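Trainee: Hi, have you got a few minutes to go through a model with me? I'd like to get a feel for the fold and one of its helices.
Mentor: Sure, let's put it on the screen.

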Amino acid sequence: AVSKKQLQDLRLQFLNPADSAESNAKISQQLAQEISALRALIESQEDANEKFGGSIELVSTRLDSGSFTPADLRECLNSLQIATESIQRQMADMGDKLKASKNQINGLQATVSELHKEVLTDPLTGVGNRRLFDKMIATSIESKAFEESPYLILIDLDKFKDINDTHGHSTGDDVLRFVASSLKKRTEVA
């Protein structure tokens, strides 16, 4: 007989919603931080563009006035050179930050993908769980076109309780993994 405590321990070990909620909260926080950093980067670039545009407009206005000396021309060129160097530094900095942000987002996407996979598979056997089954059925029904015939396999391992009781739960887990692995191999070949 399995005690209530053992069932609770198993639930916490394999179905702990706090882990999932904690992971989701962590990813949400990281995404929010990344979005905030990208927003700040965009605002910084907008400011730099505005300053650069203002420098060009000022030089253009001075040159359009028609009365300028060689010293005025040198000053305009110097002003344009300074503004151009500033925008180039800004663009290089933005490129580095965008690359870092892209790497961060790629990492978060991989984590989300891995968590999604974990949610849809049984941690002991690695086969799809009820959530995956429900998702696949819903998708099949919505598409109304079956490229592949969906199937459900229900297996009853006769005397499995005896294996657990006689040889222990660790051996029972090994049997479940073996059966799942055998089924995976057979479905991959088919």
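**Looking along a helix**

Mentor: Let's start with Leu77, which is in helix H3, residues 70-120. Keep in mind that this is a predicted model.

Trainee: Okay! Is Leu77 buried or exposed?

Mentor: Leu77 counts as exposed because its relative accessibility is 52%, and the cut-off for exposed is over 50%.

Trainee: Which nonpolar surface patch does Leu77 help make?

Mentor: One of about 330 Å², made by Leu77 together with Leu63, Phe68 and Leu73.

Trainee: And what about Ser101, buried or exposed?

Mentor: Ser101 is in helix H3 too, and it counts as buried because its relative accessibility is 5%.

Trainee: What does Ser101 touch, leaving out residues up to four places away in sequence?

Mentor: Glu34 and Leu38.

Trainee: Which other residues of H3 are buried?

Mentor: Besides Ser101, the buried residues of H3 are Cys76, Ala83, Ile87, Gln90, Met94, Leu108 and Leu120.

Trainee: How far does H3 reach from end to end?

Mentor: From first C-alpha to last, H3 reaches 73 Å with its 51 residues, close to the 75 Å expected at 1.5 Å a residue.

Trainee: Switching to the whole chain, how many helices and strands are there?

Mentor: Six helices and zero strands.

Trainee: And how much of the chain counts as buried?

Mentor: 12% of its 190 residues. The accessible surface comes to about 15,000 Å², and carbon and sulfur atoms account for 56% of that.

Methods. Residues are numbered from 1 along each chain as its sequence is written. This is a predicted model: local features need pLDDT of at least 70, side-chain atom pairs count only at pLDDT 80 or more; totals for chains, interfaces and linings use all residues. Side-chain values use heavy atoms; hydrogens and water are left out. Patches are made of residues with over 30% relative accessible area and no salt bridge: like charges are joined within 9 Å, nonpolar side chains (Val, Leu, Ile, Met, Phe, Trp, Tyr) within 5 Å. Accessible areas come from the Shrake-Rupley method with a 1.4 Å probe; for residues, only the protein chains shown count as cover. A salt bridge is a side-chain nitrogen of Lys or Arg within 4 Å of a carboxyl oxygen of Asp or Glu. Helices (H or I, at least four residues) and strands (E, at least two) are DSSP runs, numbered from the N terminus. Buried means under 20% relative accessible area, exposed over 50%, partly exposed in between (1.4 Å probe, protein chains only). Contact means heavy atoms within 4.5 Å. The expected span of a helix is 1.5 Å times one less than its number of residues.
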